[in-house]
Amino acid sequence: MLETVKQTIADWRMLEAEESVLVALSGGADSVALLRALLALGYPVHAFHLNHCLRGAESDRDEAFCRALCERLGVPLTVERIDIGAQAKAAGEGIEAAARRIRYDRLAAAAQGVKVATAHTADDNLETMLFHLARGTGPKGLAGIPPVRGDVIRPLIGVERAQVEAYLAELGQDFVTDSTNRSDDYTRNRIRHEVVPVLRQINPAVCGAAARLGGLLRQDEAFLREQTEVCLTRAARLDGSWEVLPLREAHPAVRSRALRRLAEQSGMPMRDFTAQHVRALEGLLETADPSAEFDLPHGYCARREYGTVRLERAEMPAERNEILLTVPFDGAVWQGTVRLSLCQLEKNTVFYKSFNTFCVDCGTIDSGSLCVRTRREGDRIRLNGNSGSRTLKKLMIDRKIPRLRRDGLAVVADKYGVIAVQDIGVDHSRRPQGGPRMQIKIEGY
């Protein structure tokens, strides 16, 4: 077994010679064998034991065993006790998911920057692959347990459980057994006790076959991940949206991964993001509706904005009621989402036109009804002297302004109608005609 562990460490460049490592020590056969093997190979070892407080006296027995073992071997040991059941209930998680999350969090904290070694074996890898297969998975899940993930290493990943037990017997080393491992109430235990023995009858080297398959799948996954990043680079826009065309034209294997990455980059927790959501996003790329949208888990949404797609948290827009204005005015409106500035220009002041900065004739404005509001049914604007007026709705559609944004754009108006519209322009009838002028500037969303 030691030779296999030594070769695995070398093949995957897990540790340099005499590099310190933290061992996740449960007291079970696998973790005890890992501890003894790393010591035998000359690595400086520190151990960490987490008492999950789930099995009463048995949990305390495991902790006491780890303390005695490390004291006898001269290995520094860190022990923490956490009521996993209470933590899971508070977080609304299953006990297994909470235990795994907390265990890795505490291991990382205890490691203080050194690598963490966990005792996953070739049998664990096979069982994980079968578990994912039965539950439904893609190539990434079917690849099993990676030998290295960040600072977490698995030196026993090429060792079978029978080899572990033989190694411990040779050393005369005892270990503890988790009583829950004998219960077939857990899916993994049923796979271990019922499925794996049948596979071993068909192929005694089934663990090695599974490991080779996992390696090939990880290799393919690495290539697809590179292609996914290329696709995303082509599709990314500075405003946080994504071009539809590069995503739609990508190979399905790349497209599905790209859509998952978009969801990840939006900040959405991925635990409830499924293949069904990927298919819905693919539909969003294909739809002819330029403003289609649908909800995603955890309060997020995805929507088309003509030739782009956007994923973000679905937030209630700020209320945008009509606000009467007096000149001068300079301040934020609608809960700070829009900043508006109105000021009268001196006679000789030169006006420099820029985006969303408009110059209007004061004589065309009714100061008593001057206001900022959002668009209303029937609002019209005439942008130049060579054309008639058009409705704001049609103008916004022609300019491919996303539907969600249309109802949030600021409209400066009075009782005679629209004066200027954010992202659109100023009404031709309000342009300077030689009299006093007013500057209108709109910023924000």
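**A four-stranded sheet and its cysteines**

Let's start with the sheet: in this predicted model, four strands line up in the order 12-13-21-14, and they make an open sheet with antiparallel pairing. At the edges sit strand 12, covering 329–333, and strand 14, covering 357–361; each of these has a pairing partner on one side only. Ignoring direction, neighbouring strands here are turned against each other by 15° on average.

What holds strands of a sheet together in general? Backbone hydrogen bonds do the pairing, in either a parallel or an antiparallel arrangement. For a concrete case here, look at strand 13 (residues 338–345) and strand 21 (residues 437–444), which run antiparallel to one another and share eight bridges. One residue to pick out is Cys-343, whose bridge partner in strand 21 is Gln-439.

That brings us to the cysteines. How many disulfides does the structure hold? The count is zero. Take Cys-343 again: it belongs to no disulfide, and the nearest cysteine sulfur, on Cys-359, is 9.4 Å away. Since a disulfide calls for two cysteine sulfur atoms within 2.5 Å, that separation of 9.4 Å doesn't qualify. Is Cys-343 buried, exposed or partly exposed? Its relative accessibility is 25%, so Cys-343 counts as partly exposed.

Now for Cys-359. This residue is in no disulfide either, and the nearest cysteine sulfur to it is that of Cys-362, 8.3 Å away. Cys-359 has a relative accessibility of 10%, so it counts as buried, the cut-off for that label being under 20%.

Terms used. Residues numbered from 1 in each chain as written. Predicted model: local features only at pLDDT ≥ 70, side-chain atom pairs only at ≥ 80, totals over all residues. Heavy atoms only, no water. Buried < 20%, exposed > 50% of the residue type's maximum accessible area, 1.4 Å probe, protein only. Pairing = 2+ DSSP bridges. Helix = DSSP H or I, 4+ residues; strand = E, 2+ residues; numbered from the N terminus. Axes fitted to C-alpha atoms, helices over the stretch in contact; angles between N-to-C directions.
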